[in-house]
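I opened this entry to keep track of what I looked up, starting with charged pairs and ending with the sheet.

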Amino acid sequence: MSELHTKTLSEIAALLQSGDVKVVEVVKHCLDRIEATEPQVRALITVMGQEAMKQAEAMDAAGPDPSKPLWGVPMVLKDLLTTKGVKTTCGSKILENFVPFYDATAVARLKEAGAVFVGKANMDEFAMGSSTENSAFFMTANPWDVERVPGGSSGGSGATVAAGQCFGALGTDTGGSIRTPSSFCGIVGLKPTYGRISRFGLIAYGSSLDQIGPMTRSVEDAARLLQVMAGHDPKDSTSVDVEVPDYLAGLGREDLKGVKIGLPEEYWGEGLDEEVKEACAGAVAEMQKLGAEAVPVKLSLTEYAIATYYIIAMAEASSNLSRFDGVRFGHRNKKAEELIDMYTASRTEGFGDEVQRRIIMGTYVLSSGYYDAYYNKAAKVRRLLRQDFDKAFGQCDFIAGPVCPTTAFIKGDKADPLQMYLMDIFTISANLAGIPAMSLPVGLGKDSVMPVGLQLMGPAFSEADMLSVAERLERALPPLSMPEL
């Protein structure tokens, strides 16, 4: 079956359980696909071919296991999720040779469900970026056009799924880092409610913002992965002990009657490329045809979201990254004679420009005399942003808008850091509010001929209903073909 890589995760899982294909056959197909496409895409920092084939052989010998919903399915992990015995770099030279001795909870739950990991995905260093141009090792290309970025920071995860190297990947989302690459690469990406999936084993950037989520080729696939990973974890103090619903049960609905979709004017106005607006508006019109009601809502604090987010995120990054000092693990400068010189040299050599910039800015906003002026004020605005969403969800069930103002841009086009930060204008508010949000491919831009993603946002823990709505819209829209490489 030479076109195995075009199957969805759900389709390949069914074929494996029925015995129509062997795990070895599927894993080898993915590894062959990686070998064929990786010179152009460069999505993976580590390829786990030997380990994956050994696991596949053992699984075939034991036979299909119906109790494991991901039995034999090849997947990729973003390279900041600790994976026992496998190099985990965070896209940074400071952790270039770091090999964890334990699995992140999300990784462990996928393993228990039978997933086979074939690689670790490239990313912006410590998840700081929107294009995967900030990786310390190499840039990843967008499979739809290798001259363009795949988005970030989970760009490797987005590109590996879009290129057919695996059937699903994990990304992390601090301010849009699942949704942006999903939009740019034409796949489905879900950022769950903060606390829905354990962050244990996620090497943190912004602890109050980071969330792990699935990146797949269909909404059903995303629901399957969320089903496996969701749930309370005593190892993570921010994990919420809320019952996990059946995310697959609501799929396959007939229409969207009774669903109210909020359209915030702040997401549909100035600064939005016409081709993105047209594709997203077409998707909203399709939802209305299916019976949904579109209502105007206001998110009046959107203009303050960028400043609020970057103050909070950089402050948390400054604190989280202080542990990488060359003493306990990671890169250490061996020439320094004094302790302070060793700290300075190790961090200067180990961290890239963008990471250093964010550490410096984060330290500044937390420093004596500036804490109240910046961090404390940002925390107050964050609470008001959350109240903004609460008020909007009093008028609608979900909020719809574009994921990004543009489609994927040419590498190097956003050299100015401020320009890059502005790419997150529509995504960061969901992280500040802690609510679930997802990207659904809704077509190609008429000018760039690149994928466009529609963003859906919902109240906390509304993932089941959101996936139900998204899956119905997905069936109504023409599917995107896999990019040719």
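**Salt bridges**

I searched the whole structure for salt bridges and got 15. The model is a predicted one, and I picked out some of these pairs for a closer look.

I began with Asp79 and Lys120, which form a salt bridge whose closest N and O atoms are 3.1 Å apart. This pair links distant parts of the chain, 41 residues apart. Asp79 sits in the loop between E2 and helix H4 (105-112), while Lys120 belongs to strand E3. Are the two residues buried or exposed? I found both Asp79 and Lys120 buried. The cut-off behind that word is a relative accessible area under 20%.

Next I took Lys298 and Glu265, where the closest N and O atoms of the salt bridge are 3.3 Å apart. Lys298 lies in the loop between E8 and helix H9 (305-320), and Glu265 in the loop between strand E7 (260-264) and helix H8 (274-289), so their salt bridge ties together parts 33 residues apart in sequence. I noted a relative accessible area of 46% for Lys298, which is therefore partly exposed. Glu265 has 53% and is exposed, the cut-off for that being over 50%. I also noted that Glu265 and Lys298 belong to a network of salt bridges together with Glu266.

The third pair I looked up was Asp390 and Arg386, with closest N and O atoms 3.7 Å apart. Why are they separated by about one helical turn? Asp390 and Arg386 are four residues apart in helix H12, and that spacing accounts for the turn. I have Asp390 down as partly exposed, at a relative accessible area of 45%. Arg386 is partly exposed as well, at 33% relative accessibility.

**Helices on the sheet**

Since H12 had come up, I checked where it lies. Helix H12 (residues 372-393) lies across E8, E9 and E11, and runs at about 110° to E9. I then looked up helix H5 (residues 155-162), which lies across E1, strand E2 (74-78), strand E3 (116-121), strand E4 (169-172) and strand E6 (212-216). The angle I noted between H5 and E4 is about 155°.

**The sheet**

In what order do the 11 strands come? I read the order as E1-E3-E2-E4-E6-E5-E10-E11-E9-E7-E8, in an open sheet with mixed pairing. The edges are strand E1 (44-47) and strand E8 (293-297), each of which pairs on one side only. From one strand to the next, the twist averages 30°.

I followed one pairing further. Strand E9 (residues 398-402) and strand E11 (residues 451-457) run antiparallel and are joined by four bridges. For Ala400 I looked up the bridge partner in E11 and found Leu456.

**Pro417**

My last look-up was Pro417, which lies in helix H13 (residues 417-422). At 23% relative accessibility, Pro417 is partly exposed. What does Pro417 contact, leaving aside its neighbours within four places in sequence? I found Glu354 and Arg357. I also took the C-alpha separation between Pro417 and Ile435, and it is 26 Å, with the two residues 18 apart along the chain.

Conventions
Residues are numbered from 1 along each chain as its sequence is written. This is a predicted model: local features need pLDDT of at least 70, side-chain atom pairs count only at pLDDT 80 or more; totals for chains, interfaces and linings use all residues. Side-chain values use heavy atoms; hydrogens and water are left out. Two strands pair if DSSP finds at least two bridges between them. Helices (H or I, at least four residues) and strands (E, at least two) are DSSP runs, numbered from the N terminus. Axes are lines fitted to C-alpha atoms, for helices over the stretch in contact, and angles run from 0 to 180 degrees between N-to-C directions. Contact means heavy atoms within 4.5 Å. Buried means under 20% relative accessible area, exposed over 50%, partly exposed in between (1.4 Å probe, protein chains only). A salt bridge is a side-chain nitrogen of Lys or Arg within 4 Å of a carboxyl oxygen of Asp or Glu.
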